[in-house]
Amino acid sequence: MTATFDLVVIGSGTAAQTVATGCRAAGWTVAMIDKRPFGGTCALRGCDPKKVLVGAAAAVDAARLLSGNGIRPGGLAVDWAELIRFKRTFTDPYPENVRARLERAGIVAFQSAARFVGRADVRAGDTVLHAARAIVVAAGASPEDLPIVGREHLITSDQFLDLPALPTSVAFVGGGYISFEFAHVAARAGARVTILHRGGRPLVEFDAALVDRLVARTRALGVDVQLNTEVRAIQSADGVYRVTADGRTGSSVIDATLVVHGAGRTADLGDLALDAGGVRFSGAGVAVNEYLQSVSNPLVYAAGDCADTDAPALTPVANYEGRIVATNLLEGNHASPTYEAIPSVVFTVPPLAAVGSREDQARAKGVPFVSHREDTSAWHSSRRVGETSSAYNVLVEPSTGRILGAHLLGPRADETINLFALAMRTGISADRFKEMLWAYPTYGSDTVHMVG
(Lines give C-alpha, C1' and ligand atoms only; values in the text may rest on other atoms or scores of the structure.)
Protein backbone atom coordinates (compact mmCIF):
# COMPACT_ATOMS: atom_id res chain seq x y z
CA MET A 1 0.00 0.00 0.00
CA THR A 2 1.21 3.50 -0.86
CA ALA A 3 -0.03 6.77 0.65
CA THR A 4 1.03 10.26 -0.40
CA PHE A 5 1.48 13.15 2.03
CA ASP A 6 2.96 16.60 1.57
CA LEU A 7 5.19 16.01 4.59
CA VAL A 8 6.46 12.85 6.25
CA VAL A 9 7.99 13.33 9.71
CA ILE A 10 10.13 10.65 11.33
CA GLY A 11 9.98 10.95 15.12
CA SER A 12 7.37 12.35 17.50
CA GLY A 13 9.34 14.44 19.98
CA THR A 14 9.68 18.18 20.34
CA ALA A 15 11.25 18.92 16.95
CA ALA A 16 8.94 16.53 15.11
CA GLN A 17 5.76 17.90 16.65
CA THR A 18 6.83 21.50 16.02
CA VAL A 19 7.40 20.90 12.30
CA ALA A 20 4.34 18.73 11.84
CA THR A 21 1.86 21.04 13.53
CA GLY A 22 3.27 24.12 11.82
CA CYS A 23 2.94 22.62 8.36
CA ARG A 24 -0.45 21.07 9.08
CA ALA A 25 -1.76 24.46 10.22
CA ALA A 26 -0.71 25.82 6.82
CA GLY A 27 -2.83 23.19 5.07
CA TRP A 28 -0.26 20.51 4.31
CA THR A 29 -1.12 16.86 4.61
CA VAL A 30 1.20 15.38 7.23
CA ALA A 31 2.18 11.89 8.39
CA MET A 32 4.25 11.15 11.50
CA ILE A 33 6.10 7.90 12.18
CA ASP A 34 7.61 6.67 15.42
CA LYS A 35 8.82 3.21 16.46
CA ARG A 36 8.38 4.09 20.12
CA PRO A 37 5.41 5.50 22.06
CA PHE A 38 4.52 8.94 20.75
CA GLY A 39 5.89 11.94 22.61
CA GLY A 40 9.67 11.75 22.31
CA THR A 41 12.55 11.42 24.73
CA CYS A 42 12.12 14.57 26.82
CA ALA A 43 8.53 14.00 27.84
CA LEU A 44 8.64 10.22 28.26
CA ARG A 45 12.14 9.10 29.19
CA GLY A 46 14.26 12.22 29.60
CA CYS A 47 14.16 15.68 31.09
CA ASP A 48 10.54 15.81 32.31
CA PRO A 49 10.35 12.51 34.24
CA LYS A 50 13.93 13.03 35.44
CA LYS A 51 12.90 16.31 37.07
CA VAL A 52 10.18 14.45 39.00
CA LEU A 53 12.87 12.26 40.56
CA VAL A 54 15.18 15.23 41.10
CA GLY A 55 12.35 17.05 42.87
CA ALA A 56 12.09 14.27 45.43
CA ALA A 57 15.86 14.21 45.97
CA ALA A 58 15.89 17.99 46.38
CA ALA A 59 13.11 17.83 48.98
CA VAL A 60 15.07 15.33 51.05
CA ASP A 61 18.26 17.34 50.66
CA ALA A 62 16.58 20.60 51.67
CA ALA A 63 15.41 19.12 54.94
CA ARG A 64 18.75 17.53 55.72
CA LEU A 65 20.68 20.73 55.00
CA LEU A 66 18.62 22.57 57.62
CA SER A 67 18.98 19.88 60.25
CA GLY A 68 19.80 21.61 63.53
CA ASN A 69 18.52 24.93 62.20
CA GLY A 70 14.83 24.48 62.84
CA ILE A 71 14.22 21.30 60.84
CA ARG A 72 14.27 17.76 62.20
CA PRO A 73 14.56 15.44 59.18
CA GLY A 74 14.68 12.17 61.13
CA GLY A 75 12.83 9.43 59.29
CA LEU A 76 12.62 11.42 56.05
CA ALA A 77 13.26 9.11 53.10
CA VAL A 78 12.54 8.56 49.42
CA ASP A 79 9.96 5.84 48.81
CA TRP A 80 11.23 4.72 45.43
CA ALA A 81 8.21 2.67 44.34
CA GLU A 82 5.85 5.48 45.26
CA LEU A 83 8.05 8.02 43.48
CA ILE A 84 8.04 5.96 40.28
CA ARG A 85 4.26 5.64 40.48
CA PHE A 86 4.07 9.43 40.76
CA LYS A 87 6.42 9.80 37.79
CA ARG A 88 4.15 7.57 35.73
CA THR A 89 1.20 9.90 36.29
CA PHE A 90 3.09 12.23 33.97
CA THR A 91 4.45 9.75 31.44
CA ASP A 92 1.81 7.01 31.12
CA PRO A 93 -1.01 9.18 29.68
CA TYR A 94 1.29 11.22 27.47
CA PRO A 95 1.54 9.02 24.33
CA GLU A 96 -2.21 8.75 23.95
CA ASN A 97 -2.59 12.47 24.62
CA VAL A 98 -0.12 13.17 21.83
CA ARG A 99 -1.89 10.76 19.48
CA ALA A 100 -5.23 12.43 20.24
CA ARG A 101 -3.74 15.88 19.66
CA LEU A 102 -2.29 14.78 16.33
CA GLU A 103 -5.62 13.28 15.29
CA ARG A 104 -7.46 16.49 16.13
CA ALA A 105 -4.98 18.39 13.99
CA GLY A 106 -5.45 16.01 11.09
CA ILE A 107 -1.95 14.51 11.30
CA VAL A 108 -1.87 10.79 10.47
CA ALA A 109 0.22 8.79 12.97
CA PHE A 110 2.03 5.54 12.18
CA GLN A 111 3.32 3.47 15.11
CA SER A 112 6.14 1.67 13.32
CA ALA A 113 9.81 1.67 12.50
CA ALA A 114 10.62 3.97 9.59
CA ARG A 115 12.87 2.99 6.72
CA PHE A 116 13.79 4.89 3.57
CA VAL A 117 13.02 2.96 0.38
CA GLY A 118 13.72 5.84 -2.00
CA ARG A 119 14.65 9.50 -2.04
CA ALA A 120 11.03 10.51 -1.41
CA ASP A 121 9.64 7.32 0.09
CA VAL A 122 9.60 5.92 3.62
CA ARG A 123 8.20 2.56 4.64
CA ALA A 124 6.16 2.34 7.84
CA GLY A 125 4.99 -1.21 8.40
CA ASP A 126 3.01 -2.32 5.33
CA THR A 127 2.64 1.22 4.01
CA VAL A 128 5.03 3.19 1.82
CA LEU A 129 4.64 6.89 2.51
CA HIS A 130 5.49 9.09 -0.47
CA ALA A 131 6.51 12.64 0.43
CA ALA A 132 5.31 15.12 -2.17
CA ARG A 133 7.09 18.09 -0.57
CA ALA A 134 9.46 17.05 2.22
CA ILE A 135 10.67 14.48 4.71
CA VAL A 136 11.85 15.63 8.13
CA VAL A 137 14.13 13.38 10.17
CA ALA A 138 13.65 14.14 13.86
CA ALA A 139 14.36 10.74 15.34
CA GLY A 140 16.31 11.93 18.38
CA ALA A 141 19.25 10.15 19.96
CA SER A 142 20.01 6.84 21.67
CA PRO A 143 22.77 5.62 24.01
CA GLU A 144 26.13 5.28 22.32
CA ASP A 145 27.41 1.74 21.77
CA LEU A 146 30.34 1.30 24.14
CA PRO A 147 33.41 -0.91 23.49
CA ILE A 148 33.01 -2.77 26.78
CA VAL A 149 33.03 -6.52 27.20
CA GLY A 150 29.68 -7.42 28.73
CA ARG A 151 27.99 -4.18 27.67
CA GLU A 152 24.72 -6.13 27.39
CA HIS A 153 24.55 -5.88 31.19
CA LEU A 154 24.25 -2.09 31.04
CA ILE A 155 20.84 -0.54 31.47
CA THR A 156 19.94 2.78 29.85
CA SER A 157 18.68 5.96 31.43
CA ASP A 158 15.24 5.04 30.02
CA GLN A 159 15.25 1.85 32.08
CA PHE A 160 16.57 3.60 35.18
CA LEU A 161 13.54 5.89 35.12
CA ASP A 162 11.25 2.84 35.24
CA LEU A 163 12.98 0.82 37.95
CA PRO A 164 10.26 -0.64 40.22
CA ALA A 165 12.78 -0.77 43.07
CA LEU A 166 16.13 0.93 43.58
CA PRO A 167 19.02 -1.53 43.92
CA THR A 168 21.30 -1.23 46.92
CA SER A 169 24.31 -0.26 44.79
CA VAL A 170 24.55 1.45 41.42
CA ALA A 171 27.55 2.10 39.17
CA PHE A 172 27.32 4.73 36.45
CA VAL A 173 29.60 4.41 33.44
CA GLY A 174 30.58 7.87 32.24
CA GLY A 175 30.75 11.29 33.87
CA GLY A 176 28.17 13.33 31.98
CA TYR A 177 24.74 14.79 32.71
CA ILE A 178 22.97 11.46 33.09
CA SER A 179 25.43 9.96 35.53
CA PHE A 180 25.66 12.97 37.82
CA GLU A 181 21.94 13.72 37.85
CA PHE A 182 20.90 10.14 38.53
CA ALA A 183 23.73 9.64 41.02
CA HIS A 184 22.41 12.54 43.09
CA VAL A 185 18.94 11.02 43.04
CA ALA A 186 20.06 7.46 43.81
CA ALA A 187 22.40 8.50 46.64
CA ARG A 188 19.69 10.49 48.37
CA ALA A 189 17.33 7.55 47.94
CA GLY A 190 19.76 5.39 49.92
CA ALA A 191 21.81 3.55 47.28
CA ARG A 192 25.58 3.17 47.34
CA VAL A 193 26.68 4.95 44.17
CA THR A 194 29.84 4.95 42.06
CA ILE A 195 30.63 7.08 39.00
CA LEU A 196 33.35 5.75 36.69
CA HIS A 197 34.67 8.36 34.26
CA ARG A 198 37.56 7.72 31.90
CA GLY A 199 38.66 11.36 31.68
CA GLY A 200 40.36 13.54 34.25
CA ARG A 201 37.45 15.94 34.34
CA PRO A 202 33.73 15.20 34.06
CA LEU A 203 31.10 17.58 32.65
CA VAL A 204 33.62 19.14 30.27
CA GLU A 205 31.05 21.58 28.84
CA PHE A 206 30.97 23.46 32.15
CA ASP A 207 33.30 25.79 34.08
CA ALA A 208 36.15 23.65 35.42
CA ALA A 209 36.31 25.26 38.87
CA LEU A 210 32.58 24.88 39.38
CA VAL A 211 32.73 21.27 38.24
CA ASP A 212 35.43 20.67 40.87
CA ARG A 213 33.09 22.07 43.51
CA LEU A 214 30.25 19.88 42.29
CA VAL A 215 32.47 16.79 42.33
CA ALA A 216 33.42 17.59 45.92
CA ARG A 217 29.75 18.07 46.82
CA THR A 218 28.91 14.77 45.11
CA ARG A 219 31.61 12.93 47.01
CA ALA A 220 30.34 14.48 50.25
CA LEU A 221 27.02 12.72 49.57
CA GLY A 222 28.91 9.45 49.69
CA VAL A 223 29.16 8.98 45.91
CA ASP A 224 32.46 7.40 44.89
CA VAL A 225 33.53 9.53 41.90
CA GLN A 226 36.43 7.80 40.17
CA LEU A 227 38.16 9.85 37.46
CA ASN A 228 40.72 8.64 34.93
CA THR A 229 38.99 5.29 35.20
CA GLU A 230 38.01 3.42 32.05
CA VAL A 231 35.55 0.55 32.25
CA ARG A 232 36.80 -2.50 30.37
CA ALA A 233 34.36 -5.27 31.24
CA ILE A 234 31.13 -6.08 33.10
CA GLN A 235 30.51 -9.59 34.34
CA SER A 236 27.47 -11.03 36.09
CA ALA A 237 28.41 -13.13 39.13
CA ASP A 238 26.46 -14.27 42.19
CA GLY A 239 23.64 -11.78 41.81
CA VAL A 240 25.87 -8.74 41.30
CA TYR A 241 27.81 -7.21 38.47
CA ARG A 242 31.59 -7.06 38.63
CA VAL A 243 32.86 -3.99 36.78
CA THR A 244 36.51 -4.14 35.79
CA ALA A 245 38.11 -0.75 35.19
CA ASP A 246 41.59 0.58 34.50
CA GLY A 247 42.71 3.57 36.56
CA ARG A 248 45.88 5.47 37.29
CA THR A 249 47.06 2.89 39.79
CA GLY A 250 46.09 -0.17 37.75
CA SER A 251 43.04 -2.36 37.37
CA SER A 252 40.25 -2.51 39.93
CA VAL A 253 36.93 -4.29 40.34
CA ILE A 254 33.74 -2.56 41.51
CA ASP A 255 30.73 -4.64 42.55
CA ALA A 256 27.26 -3.23 41.93
CA THR A 257 23.74 -4.60 41.71
CA LEU A 258 23.03 -2.29 38.77
CA VAL A 259 25.25 -0.73 36.09
CA VAL A 260 23.90 2.26 34.15
CA HIS A 261 25.04 3.64 30.79
CA GLY A 262 25.77 7.34 31.28
CA ALA A 263 28.53 7.74 28.70
CA GLY A 264 26.85 9.72 25.98
CA ARG A 265 24.25 9.49 23.25
CA THR A 266 24.39 9.47 19.48
CA ALA A 267 21.93 10.22 16.68
CA ASP A 268 19.32 7.45 16.44
CA LEU A 269 19.62 6.79 12.72
CA GLY A 270 20.70 3.15 12.50
CA ASP A 271 17.33 1.71 11.44
CA LEU A 272 16.39 4.37 8.89
CA ALA A 273 18.32 3.08 5.84
CA LEU A 274 19.33 6.65 5.04
CA ASP A 275 21.59 5.43 2.24
CA ALA A 276 18.50 4.26 0.36
CA GLY A 277 17.19 7.80 0.57
CA GLY A 278 20.42 9.37 -0.60
CA VAL A 279 20.83 11.05 2.79
CA ARG A 280 24.39 11.66 3.94
CA PHE A 281 24.96 11.13 7.66
CA SER A 282 27.50 10.28 10.34
CA GLY A 283 27.48 9.40 14.02
CA ALA A 284 26.83 13.09 14.69
CA GLY A 285 23.62 13.04 12.66
CA VAL A 286 22.23 13.97 9.27
CA ALA A 287 24.59 16.27 7.37
CA VAL A 288 22.68 19.52 6.83
CA ASN A 289 23.28 22.97 5.38
CA GLU A 290 22.57 26.30 7.04
CA TYR A 291 18.82 25.78 6.49
CA LEU A 292 18.84 22.37 8.21
CA GLN A 293 18.34 20.76 4.80
CA SER A 294 20.16 17.57 3.84
CA VAL A 295 23.29 18.32 1.82
CA SER A 296 22.68 15.28 -0.37
CA ASN A 297 18.88 15.07 -0.75
CA PRO A 298 17.12 18.47 -0.90
CA LEU A 299 13.77 16.87 -0.10
CA VAL A 300 15.02 15.93 3.38
CA TYR A 301 15.49 18.17 6.43
CA ALA A 302 16.62 17.26 9.94
CA ALA A 303 16.10 18.81 13.37
CA GLY A 304 16.91 18.11 16.99
CA ASP A 305 19.41 15.60 18.32
CA CYS A 306 19.77 13.78 14.99
CA ALA A 307 20.85 16.84 12.98
CA ASP A 308 24.60 17.37 12.65
CA THR A 309 24.91 20.97 13.84
CA ASP A 310 26.99 22.91 16.36
CA ALA A 311 24.06 23.08 18.75
CA PRO A 312 23.88 21.29 22.10
CA ALA A 313 21.44 18.39 22.29
CA LEU A 314 18.75 20.15 24.32
CA THR A 315 14.96 20.20 24.14
CA PRO A 316 14.68 23.99 23.57
CA VAL A 317 17.14 23.62 20.68
CA ALA A 318 14.99 20.87 19.15
CA ASN A 319 11.94 23.11 19.39
CA TYR A 320 13.87 26.02 17.89
CA GLU A 321 15.22 23.93 15.01
CA GLY A 322 11.72 22.57 14.41
CA ARG A 323 10.47 26.13 13.96
CA ILE A 324 13.35 26.90 11.59
CA VAL A 325 12.57 23.85 9.45
CA ALA A 326 8.83 24.62 9.37
CA THR A 327 9.58 28.20 8.29
CA ASN A 328 11.86 27.06 5.50
CA LEU A 329 9.38 24.47 4.26
CA LEU A 330 6.51 26.94 4.17
CA GLU A 331 8.35 30.03 2.98
CA GLY A 332 11.37 28.68 1.13
CA ASN A 333 14.90 28.43 2.51
CA HIS A 334 15.85 31.67 4.22
CA ALA A 335 15.91 31.02 7.98
CA SER A 336 19.09 29.78 9.64
CA PRO A 337 19.53 28.94 13.33
CA THR A 338 21.91 30.87 15.55
CA TYR A 339 23.15 29.04 18.60
CA GLU A 340 24.16 31.93 20.84
CA ALA A 341 23.33 32.21 24.53
CA ILE A 342 21.71 28.80 24.96
CA PRO A 343 21.58 27.92 28.66
CA SER A 344 22.34 24.41 29.83
CA VAL A 345 21.88 22.80 33.24
CA VAL A 346 23.05 19.72 35.09
CA PHE A 347 20.12 18.98 37.39
CA THR A 348 22.13 17.83 40.36
CA VAL A 349 21.34 19.12 43.85
CA PRO A 350 22.47 21.88 43.79
CA PRO A 351 22.27 22.43 40.02
CA LEU A 352 25.17 23.50 37.80
CA ALA A 353 24.30 25.90 34.99
CA ALA A 354 26.02 27.69 32.14
CA VAL A 355 25.35 29.98 29.21
CA GLY A 356 27.82 31.44 26.73
CA SER A 357 31.58 31.07 26.75
CA ARG A 358 33.86 29.48 29.30
CA GLU A 359 37.21 31.12 29.99
CA ASP A 360 39.09 28.70 27.73
CA GLN A 361 36.63 29.30 24.89
CA ALA A 362 36.91 33.09 25.20
CA ARG A 363 40.69 32.84 25.10
CA ALA A 364 40.55 30.61 22.04
CA LYS A 365 38.40 33.21 20.28
CA GLY A 366 40.84 35.97 21.24
CA VAL A 367 38.12 37.91 23.07
CA PRO A 368 39.39 39.91 26.07
CA PHE A 369 37.39 39.42 29.24
CA VAL A 370 37.27 40.07 32.96
CA SER A 371 36.28 37.14 35.13
CA HIS A 372 33.97 37.92 38.04
CA ARG A 373 34.24 34.84 40.23
CA GLU A 374 33.23 34.25 43.85
CA ASP A 375 32.28 31.59 46.36
CA THR A 376 28.71 32.43 47.45
CA SER A 377 28.27 29.87 50.22
CA ALA A 378 28.36 32.71 52.76
CA TRP A 379 25.70 34.73 50.92
CA HIS A 380 22.28 34.96 52.54
CA SER A 381 20.65 33.08 49.64
CA SER A 382 22.83 30.02 50.27
CA ARG A 383 23.14 30.17 54.06
CA ARG A 384 19.39 30.38 54.65
CA VAL A 385 18.91 27.01 52.93
CA GLY A 386 22.08 25.45 54.37
CA GLU A 387 23.88 25.08 51.02
CA THR A 388 27.66 25.12 51.39
CA SER A 389 28.51 24.55 47.73
CA SER A 390 27.68 27.59 45.64
CA ALA A 391 29.71 29.89 43.41
CA TYR A 392 29.69 31.73 40.10
CA ASN A 393 31.93 32.92 37.29
CA VAL A 394 30.67 35.62 34.93
CA LEU A 395 32.79 36.81 32.00
CA VAL A 396 32.44 40.40 30.80
CA GLU A 397 34.14 42.09 27.86
CA PRO A 398 35.74 45.19 29.42
CA SER A 399 35.49 47.53 26.42
CA THR A 400 31.79 46.97 25.75
CA GLY A 401 30.37 45.55 28.97
CA ARG A 402 29.03 42.63 26.94
CA ILE A 403 28.33 39.57 29.05
CA LEU A 404 30.22 36.74 27.35
CA GLY A 405 29.34 33.88 29.65
CA ALA A 406 27.75 33.04 32.97
CA HIS A 407 28.43 29.94 35.07
CA LEU A 408 26.53 29.18 38.27
CA LEU A 409 26.50 26.50 40.93
CA GLY A 410 24.03 26.65 43.76
CA PRO A 411 20.38 26.84 44.75
CA ARG A 412 18.09 27.80 41.85
CA ALA A 413 20.99 28.11 39.42
CA ASP A 414 18.77 26.35 36.90
CA GLU A 415 16.35 29.27 37.01
CA THR A 416 18.81 32.12 37.54
CA ILE A 417 20.82 31.19 34.45
CA ASN A 418 17.86 32.21 32.30
CA LEU A 419 18.29 35.83 33.42
CA PHE A 420 21.82 35.82 32.04
CA ALA A 421 20.68 34.10 28.85
CA LEU A 422 18.04 36.79 28.35
CA ALA A 423 20.60 39.55 28.89
CA MET A 424 23.06 37.98 26.48
CA ARG A 425 20.48 37.21 23.81
CA THR A 426 19.10 40.75 23.88
CA GLY A 427 22.44 42.54 24.19
CA ILE A 428 21.94 43.97 27.68
CA SER A 429 25.34 45.14 28.95
CA ALA A 430 26.70 44.46 32.44
CA ASP A 431 26.09 48.08 33.40
CA ARG A 432 22.47 47.97 32.27
CA PHE A 433 22.06 44.63 34.00
CA LYS A 434 23.21 46.16 37.29
CA GLU A 435 20.58 48.89 36.94
CA MET A 436 17.75 46.36 37.10
CA LEU A 437 15.51 46.50 40.14
CA TRP A 438 14.76 42.98 41.33
CA ALA A 439 12.37 41.65 43.94
CA TYR A 440 14.40 41.14 47.11
CA PRO A 441 15.59 38.91 48.66
CA THR A 442 15.62 36.55 45.68
CA TYR A 443 18.17 34.64 43.66
CA GLY A 444 17.50 37.12 40.88
CA SER A 445 18.56 40.01 43.10
CA ASP A 446 21.90 38.27 43.66
CA THR A 447 22.77 38.56 39.99
CA VAL A 448 23.56 42.28 40.09
CA HIS A 449 26.58 41.46 42.24
CA MET A 450 27.87 38.90 39.75
CA VAL A 451 28.65 41.16 36.78
CA GLY A 452 31.22 43.44 38.37
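Q: Buried means under 20% relative accessible area, exposed means over 50%, and partly exposed lies in between (1.4 Å probe, protein chains only). Is Thr194 buried or exposed?
A: This is a predicted model: local features need pLDDT of at least 70, side-chain atom pairs count only at pLDDT 80 or more, and totals for chains, interfaces and linings use all residues. Residues are numbered from 1 along each chain as its sequence is written, and side-chain values use heavy atoms, with hydrogens and water left out. The relative accessible area of Thr194 is 5%, so Thr194 is buried.

Q: Which strand holds Thr194?
A: Strands (E, at least two residues) and helices (H or I, at least four) are DSSP runs, numbered from the N terminus. Contact means heavy atoms within 4.5 Å. Leaving out residues up to four places away in sequence, Thr194 touches Val170, Ala171, Phe172, Asp224, Gln226 and Ile254. Its own run covers residues 192-196, which is strand 9.

Q: Which side chain makes a polar contact with the side chain of Glu359?
A: Glu359 sits in helix 10 (residues 359-365), and its relative accessible area of 17% makes it buried. Its contacts beyond four places in sequence are Phe369, Ser371, Arg373, Asn393 and Leu395. A polar contact is a pair of N or O atoms within 3.5 Å; within protein, one must be able to donate a hydrogen and the other to accept it, and residues adjacent in sequence count only if both atoms are side-chain atoms. At 3.1 Å, the partner is Ser371.

Q: How many of the 12 residues of helix 7 are buried?
A: Helix 7 is mostly covered. Its buried residues include Phe180, Glu181, Phe182, His184 and Arg188. The buried count is 11.

Q: What is the distance between the end C-alpha atoms of helix 7?
A: The expected span of a helix is 1.5 Å times one less than its number of residues. Helix 7 (residues 177-188) has 12 residues, so it should span 16 Å. The model agrees, with its ends apart by 17 Å.

Q: What phi does Gly190 take?
A: Gly190 comes just after helix 7. Its phi is positive, at about 105°.

Q: Is Leu203 buried or exposed?
A: Leu203 is in the loop between strand 9 and helix 8 (208-220). Its phi is near 50°, a positive value in a residue other than glycine. Its relative accessibility is 3%, so Leu203 counts as buried.

Q: What is the phi of Leu292?
A: Leu292 lies in the loop between strand 17 (285-287) and strand 18 (300-302). With a relative accessible area of 1%, Leu292 is buried. It is not a glycine, yet its phi is positive, at about 65°.

Q: Which residue does a cis peptide bond join to Tyr440?
A: The bond has an omega of about -5°. The partner is in the loop between helix 13 (430-434) and helix 14. That partner is Pro441.

Q: What is the volume of the largest cavity?
A: On a 1 Å grid over the protein atoms alone, a cavity is a set of points where a 1.4 Å probe fits but cannot get out; lining residues have an atom within 4 Å of a point. Grid points are joined across faces, edges and corners, and a volume is the space filled by probe spheres set on the points. The whole structure has 1 cavity of 30 Å³ or more. The largest has a volume of about 140 Å³.

How values were computed
On a 1 Å grid over the protein atoms alone, a cavity is a set of points where a 1.4 Å probe fits but cannot get out, and a pocket is an open set with protein on both sides within 12 Å along at least five of seven lines; lining residues have an atom within 4 Å of a point.
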